[in-house]
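Student: I should like to take a close look at a single part of this model. Please describe the pairing of its strands in detail, and then place that part within the chain as a whole.

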Amino acid sequence: MTQVSSKPGTTSTTNGNHAAAAQSQAQGKRALPGPELWHSAAHSTDKPIVYVNGRMVPKREAMVNVYDHGLLYGDGVFEGIRVYKGKIFKCMRHIERLWRCAEAIRMKVPISKEEMVDIQRACIEANNLTDGYIRLLVTRGVGTLGLDPRRCPTPGVICIADQISLFPPDMYEKGMRVVVANRPKTPIACLDPRIKSLNYLNNILAKCEAIDYGCHEVVMLNTDGYVTEGSGDNIFVVKGGKLYTPPPEDGMLEGITREFVIKQLCKDCGVKCLEKRMRLEDVLDGDEVFLTGSAAEIISVTQIDQHDGKKITREVRISDGEGPITKKLRARFREIVTSDHVPED
Ligand SMILES: Cc1ncc(COP(=O)(O)O)c(C=O)c1O
């Protein structure tokens, strides 16, 4: 039977809660919302086994302290990493970015890089993961209710190895429709989007714009109107056989997949790639557009719409389905991640 708290410091059964509710009502008090409101079978499972601050625990027990500033303030950093054929794709690049981001928010990761890799491997093994996704978090740690990070002596470390599926599989062939977010990207001077912080509200609220118009993703512009990235992925534009992507100085995460496209896939496929500052019109004028990310991998964008907060005001078709250069790069990507040489560097 579900255990519910009827008042602070006590627990009772569901029936007990009714009694407590009746008693509270009789006393003119409202009963506290019980845990049945939050209970979800999906969260009550054994799998995956999660690493939380030194312990490997089943999902249902994978909890953080409510005084952790990661929860209280979104104070911390994270990584999203793919596992292909049991290997951690571009593991070292993710580890380096995690350390860089931690330093940027003046936080010292409490374990070594080698230990962080060991934790990931232990989670892969504990969950028999061959292909999947790792979420690594370093939170500011348990502190007081004030903002002061000095009150959080030890950052928390969490590693979740699970599955992720952002988009329907057939979207990779057909391409996706996106909207341009009206909400601009947080300016670098406020919080540099190169920091993969636990504070993703700017991205989430932009994503809500996509959801409002029946899309999965957005194109985000900075406050000067230059194109930056999606809510959780980087953007590329093909024009005249060449590939263009915005420079990180325009305000975006320096994606590991983006880097892999530029340094590896383009080289392998003989495609020239340039970083170039772009206005929205440059993207709309592209022959092909695609997004990249650890979770998204490589996905074609075939239509970009604009909205005014109430309705779609402009629809621009980019291509009919995935274009030839996107197809070639994605095929090479799949070839590498399904080979016996998945790069962990
Ligand atoms: C805002 C944002 N941009 C880009 C990316 C792509 O980065 P990566 O390729 O390292 O996953 C992500 C990934 O999580 C992201 O959150």
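Tutor: A suitable starting point is F78, which stands opposite L137 in β7. The model is a predicted one. The strands β5 and β7 run antiparallel and are joined by 8 bridges. In general, the strands of a sheet pair through backbone hydrogen bonds, in either a parallel or an antiparallel manner.

The wider setting is an open sheet of 6 strands with antiparallel pairing, in the order β4-β3-β8-β7-β5-β6. The edges of this sheet are formed by β4 (55-58) and β6 (87-88), each of which pairs on one side only. A helix accompanies these strands: α3 lies across β5, β6 and β7, and its direction makes an angle of about 175 degrees with β5.

The division of the chain gives this part its context. Domain 1 covers 45-162 and domain 2 covers 171-337. Their C-alpha centres are 27 Å apart. Contact between the two involves 22 residues of domain 1 and 11 residues of domain 2. On the side of domain 1 that touches domain 2, at least two residues come from each of β5 (76-84), α3 (91-104) and β7 (132-139). The greatest contribution to that side is made by β5, with 8 residues. Sorted by class, the side of domain 1 that touches domain 2 has 10 nonpolar, 6 polar and 6 charged residues.

Another position to examine is K207, which is located in helix α6 (residues 201-212). K207 counts as buried because 21 other C-beta atoms lie within 10 Å, the cut-off being 20 or more. Leaving aside residues up to four places away in sequence, K207 touches V218 and S231. The C-alpha atoms of K207 and S231 are separated by 6.0 Å, although the two residues are 24 residues apart along the chain.

The ligand completes the description. There are 14 residues around the ligand, of which G255, I256, T257, G293 and S294 come nearest. Two elements, α7 (256-269) and β15 (288-293), give two or more residues to this shell. The largest share, 3 residues, comes from α7. By class, the shell around the ligand consists of 2 nonpolar, 9 polar and 3 charged residues.

To return to the part requested, β5 is joined to β7 by 8 bridges, and β5 also gives the most residues to the side of domain 1 that touches domain 2.

Note on methods: Residues are numbered from 1 along each chain as its sequence is written. This is a predicted model: local features need pLDDT of at least 70, side-chain atom pairs count only at pLDDT 80 or more; totals for chains, interfaces and linings use all residues. A residue is near a molecule or strand if its C-beta atom, placed from the backbone, lies within 6 Å of it. Helices (H or I, at least four residues) and strands (E, at least two) are DSSP runs, numbered from the N terminus. Ala, Val, Leu, Ile, Met, Phe, Trp, Tyr, Cys and Pro count as nonpolar, Asp, Glu, Lys and Arg as charged, and the others, Gly among them, as polar. Domain bounds come from an automatic or database domain assignment. Two residues are in contact if their C-beta atoms, placed from the backbone, lie within 7 Å. Two strands pair if DSSP finds at least two bridges between them. Axes are lines fitted to C-alpha atoms, for helices over the stretch in contact, and angles run from 0 to 180 degrees between N-to-C directions. A residue is buried if 20 or more other C-beta atoms lie within 10 Å of its own, exposed if 12 or fewer, and partly exposed in between; C-beta atoms are placed from the backbone.
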